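Me: Could you take a close look at the part of this model around the ligand, and then walk me outward from there? I would enjoy a connected account rather than a list.

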Amino acid sequence: MELELTGRVALITGAGSGIGLAAARALLAEGARVVGADLDPTALGELGDDGHVVPVLADMSDPGSADALARTAMERFGRIDVLFNNAGAAATRDGFLDTTDEQWHRTLELNLLGYVRAARAVIPHMLAQGRGTLLHNASEAGRMPNPRLPDYSVSKAGVRMLSKVLSREFTGRGIRSNVISPGFIRTPIYDRPGGLADSLATEFNLDREAALRRYVEINGIPAGRLGLAEEVAALVVLLASDRTAFVTGAEFAIEGGVTPTV
Ligand code: NAD
């Protein structure tokens, strides 16, 4: 299927690693141009030197970053067709009573307000163009409450409603808004030194791969494995394309069947 993404301009936050980096790679492969922000955009910059990818060093929890990013995209390419709100972080907590105001602020500032500000920065340009697509990376944690991730779960539930609100207000003016909700995707969250794979290896007293297999069993993932960033990126590309022009205010789980509820 021809996705007609050639020449489209996509703005991606958290584009330096994992799902954001895979989405950048997939969109570039479809002929799109990518402006990507990250605390460390090095890997994004290595995706190409043909001028189609613009790595931006930015902290998306900084209130000024979103406007600067949109400005960069407009200066470089003169339009913004797609926003993939993706920069997020998860920290495990001992429980609700031990999660401090400061931790709540930090999580909401990046995972929710970061998305709000990026949407606010790009929508005026999309309105002027008469078209655009917003795509927000939430999480299955935003549907399935997790006592070890109270602030993260709430931030991701907020993302789901943010997308609905944006879809309601802007679809009639040519801007779609959708959510993807991944679960258990093997990104550097697992694989970076000191990441989840290392913690699980210590916890289960197994090597990393065996520990991850055990983790898959414990979590009852029907697909029997973790997902891949490339699999999430395929969904991002499809939703970024006008082939899905009638899809808005919708949410797509990509989690190997792990969520037991409708
Ligand atoms: P990752 O750590 O590989 O990538 C996240 C990227 O965001 C990193 O490059 C990081 O530097 C960047 N980032 C973090 N804080 C930032 C900030 N303040 N400003 C700019 N960039 C920042 O993780 P990932 O698994 O690819 O996660 C991407 C998104 O997917 C997150 O929103 C996460 O909540 C969501 N998600 C991931 C999973 C999973 O299993 N991996 C599941 C559900 C949801």
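Reply: Happy to. A polar contact here is a pair of N or O atoms within 3.5 Å, and that cut-off is what we need to begin. Please keep in mind that this is a predicted model.

Let's start with the side chain of Asp 59: one of its N or O atoms is 2.8 Å from a nitrogen atom of the ligand. Two further side chains approach oxygen atoms of the ligand. Thr 187 places a polar side-chain atom 2.7 Å from a ligand oxygen, and for Arg 192 the corresponding distance to an oxygen atom of the ligand is 2.9 Å. How much of the ligand's accessible area does the protein cover? On its own the ligand has 820 Å² of accessible area, and the protein covers 91% of that. Which elements give two or more residues to the shell around the ligand? They are the helices α1 (18–29), α4 (101–129), α5 (150–170) and α6 (188–191).

Now for the shell itself. There are 28 residues around the ligand, and those that come nearest are Ser 17, Asp 38, Tyr 152, Ile 185 and Thr 187. Thr 187 therefore appears twice in this picture, being among the residues that come nearest and also having a polar side-chain atom 2.7 Å from a ligand oxygen, well inside the 3.5 Å that defines a polar contact. By character, the shell divides into 14 nonpolar residues, ten polar ones and four charged ones. Both domains take part: domain 1 (9–184 + 227–254) and domain 2 (187–225) each supply at least three residues to the shell.

Helix α4, one of the contributors to the shell, also holds Gln 103. Is Gln 103 buried or exposed? Its relative accessibility is 19%, and because buried means under 20%, Gln 103 counts as buried. The side chain of Gln 103 reaches the backbone nitrogen of Thr 100 at 2.9 Å.

Phe 184 is worth a pause as well. This residue sits in the loop between β6 (175–182) and β7 (185–186), and it has a positive phi of about 55 degrees although it is not a glycine. Most residues other than glycine have a negative phi, so a positive value is worth a second look. Phe 184 is partly exposed, at 22% relative accessibility. Glu 4 also has a positive phi of about 55 degrees without being a glycine. Glu 4 lies in the segment before β1 (9–13) and is partly exposed, with a relative accessible area of 47%.

Thr 42 belongs to helix α2 (residues 42–45) and is partly exposed at 45% relative accessibility. Thr 42 and Gly 16 are 26 residues apart in sequence, while their C-alpha atoms are 6.6 Å apart in space.

Finally, helix α9 (residues 229–240) has twelve residues, and from its first C-alpha to its last it reaches 16 Å, close to the 16 Å expected at 1.5 Å a residue. Its buried residues are Ala 229, Val 232, Ala 233, Leu 235, Val 236, Val 237, Leu 239 and Ala 240. One of these, Ala 233, can be paired with Val 258: the two are 25 residues apart in sequence and 19 Å apart in space, C-alpha to C-alpha. Val 258 is found in the segment after β9 (251–254), and with a relative accessible area of 16% Val 258 is buried too.

Note on methods: Residues numbered from 1 in each chain as written. Predicted model: local features only at pLDDT ≥ 70, side-chain atom pairs only at ≥ 80, totals over all residues. Heavy atoms only, no water. Near = heavy atom within 4 Å. Polar contact = N/O pair within 3.5 Å; in protein donor to acceptor, adjacent residues only side chain to side chain. Areas by Shrake-Rupley, 256 points an atom, 1.4 Å probe, with all protein chains shown as cover. Helix = DSSP H or I, 4+ residues; strand = E, 2+ residues; numbered from the N terminus. Nonpolar A, V, L, I, M, F, W, Y, C, P; charged D, E, K, R; others polar. Domains from an automatic or database assignment. Expected span 1.5 Å × (residues − 1). Buried < 20%, exposed > 50% of the residue type's maximum accessible area, 1.4 Å probe, protein only.
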